[in-house]
Amino acid sequence: MAKQSINQELAKNRAPKSVAADSLSKQSTIVTLQNSIGNRAVQHLLVQRQENDEYADEAYGIMNSSMDPQLRLQLLVKAQNRRLAKQGVPPVGLGKVKDSKNLGEGDSKDWELDLNTSAMNTSTPAGRADVADTVGHEGEHLRQWYEMARLQAGLQRPKGPLNRIPDDVAGMATLNPILESNEQTYQVEQWYESVYGSGAQHREQVLGDTENRYEEYRALPEERDGWARGDEITGRFKELEDMAARPRKRRR
Ligand SMILES: [Zn+2]
């Protein structure tokens, strides 16, 4: 739905009476198209943002509760699954993280969020936000892998995650294939190119040396979007903390 249809739309307006009318007509067509495509893309992003904020609100309540760490982890994953369900992504399970230095990681092979229970014993606002942020970031990665599986199934890509995710998840992706490229699936194509396409070699090199190539790591399309979700969550936590602090200040 991107370049081709814009050109077709412009071609329709190519025979007006004067040069001035021609350029005017072209311009207004571009503006109209930009507006309609832009609005849909923007709307799509706004919905994603809102769903991520809803997760952050839930996560904030969970992280500020007195529940034991394991229960908090279970509820965080449940909250993340609510976000994923709104995006059509099958629910993920809760697993244990393999490397105890990690806060968490998305495990696409077992379709679960592997989280670090000891990291839940945090008592600082930044620590609480970090856990919720990690679940959001890694949850976004699992969503990406599901979307790439849908792309592989629909557009018949030779490579992809279909054989590397559980059968039931692959089955759902196959039943909901991505059949055309548009402004919403453009993001999926970017992830796909990075992980399985033209960017795959670069990605492997960068992931093998993240300490020295940190900026490049952050710029990988799938990481850029994972970090964006996480940053939104951390930002929302700060907002909620400020709101919680305000009435107390007034009482003084
Ligand atoms: Zn990541």
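# Notebook: a walk through a predicted chain

**Entry 1: where to be careful.** I began with the start of the chain, where pLDDT stays under 50 over residues 1-25. For that stretch I found 14 contacts beyond four places in sequence. This is a predicted model, and I keep that in mind in every entry. I then looked up the confidence of the whole protein chain: its pLDDT averages 85, and 83% of the residues score at least 70.

**Entry 2: the overall plan.** I counted elements next and got nine helices and three strands. Read along the sequence, they follow the pattern α-α-α-β-β-β-α-α-α-α-α-α. The protein chain has 252 residues, and 31% of them are buried. I also asked myself what part of the contacts with a separation of 6 or more joins residues 24 or more positions apart. That part comes to 57%.

**Entry 3: the core.** The largest nonpolar core holds 42 residues. Ala59, Leu76, Ala132, Met148 and Ala149 have the most contacts inside it. Which elements each supply at least two residues of this core? I noted α2 (19-63), α3, β3 (112-115), α4 (125-154), α5 (167-175), α6 (186-195) and α9 (221-251). The largest share of this core comes from α4, with 11 residues. I picked Leu76 for a closer look: leaving out residues up to four places away in sequence, Leu76 touches Ala59, Ile62, Ala132 and Val135.

**Entry 4: helix α3.** Leu76 made me curious about its helix, so to speak, and I checked the length of α3. Helix α3 covers residues 69-86, which is 18 residues, and at 1.5 Å a residue they should span 26 Å. The C-alpha atoms at its ends are 26 Å apart, which agrees. I then listed the buried residues of α3: Arg72, Leu73, Leu76, Val77, Ala79, Gln80, Arg83 and Leu84. They cover an arc of only 160° around the axis, so they sit on the same side of α3. On the other side of α3 I found Gln70, Leu71 and Ala85, which are exposed.

**Entry 5: Gly88, just after α3.** Gly88 lies in the loop between α3 and β1. Its phi is positive, at about 80°. Is Gly88 buried or exposed, or something in between? Gly88 has 13 other C-beta atoms within 10 Å, so I wrote it down as partly exposed; a residue counts as exposed at 12 or fewer and as buried at 20 or more. I also looked up a partner from elsewhere in the chain. Gly88 and Arg143 are 55 residues apart in sequence, while their C-alpha atoms are 9.0 Å apart in space.

**Entry 6: the strands.** I moved on to how the strands pair. β1 and β3 run in the parallel sense and share four bridges. One pair to look for is Leu94 with its bridge partner in β3, Leu113. β2 and β3 pair in the antiparallel sense, also over four bridges. There, Asp107 has Glu112 in β3 as its bridge partner. The hairpin of β2 and β3 has four residues between the strands, and in this hairpin Trp111 takes a positive phi near 50°.

Which residues of β2 (residues 104-107) point to the buried face? They are Gly104 and Gly106, while Glu105 and Asp107 point to the other face and are not buried. The side chains alternate along this strand.

**Entry 7: Gly95 in β1.** Gly95 belongs to strand β1 (residues 93-96). I found 17 C-beta neighbours inside 10 Å, so Gly95 counts as partly exposed. Not counting residues up to four places away in sequence, Gly95 touches Asp107, Asp110, Glu112, Leu113 and Asp114. I also checked Asn116, which is 21 residues from Gly95 along the chain: their C-alpha atoms are separated by 8.9 Å.

**Entry 8: helix α5.** My last stop was α5, where Val169, Ala170 and Ala173 are the buried residues. They cover an arc of only 100° around the axis, which puts them on the same side of α5. Asp167, Asp168 and Leu175 are exposed on the other side of α5. What covers the buried residues of α5? The cover includes α4.

Terms used. Residues numbered from 1 in each chain as written. Expected span 1.5 Å × (residues − 1). Arc of directions from axis to C-beta. Contact = placed C-beta atoms within 7 Å. pLDDT = per-residue confidence, 0-100. Core = buried A, V, L, I, M, F, W, Y, C linked by C-beta atoms within 7 Å. Pairing = 2+ DSSP bridges.
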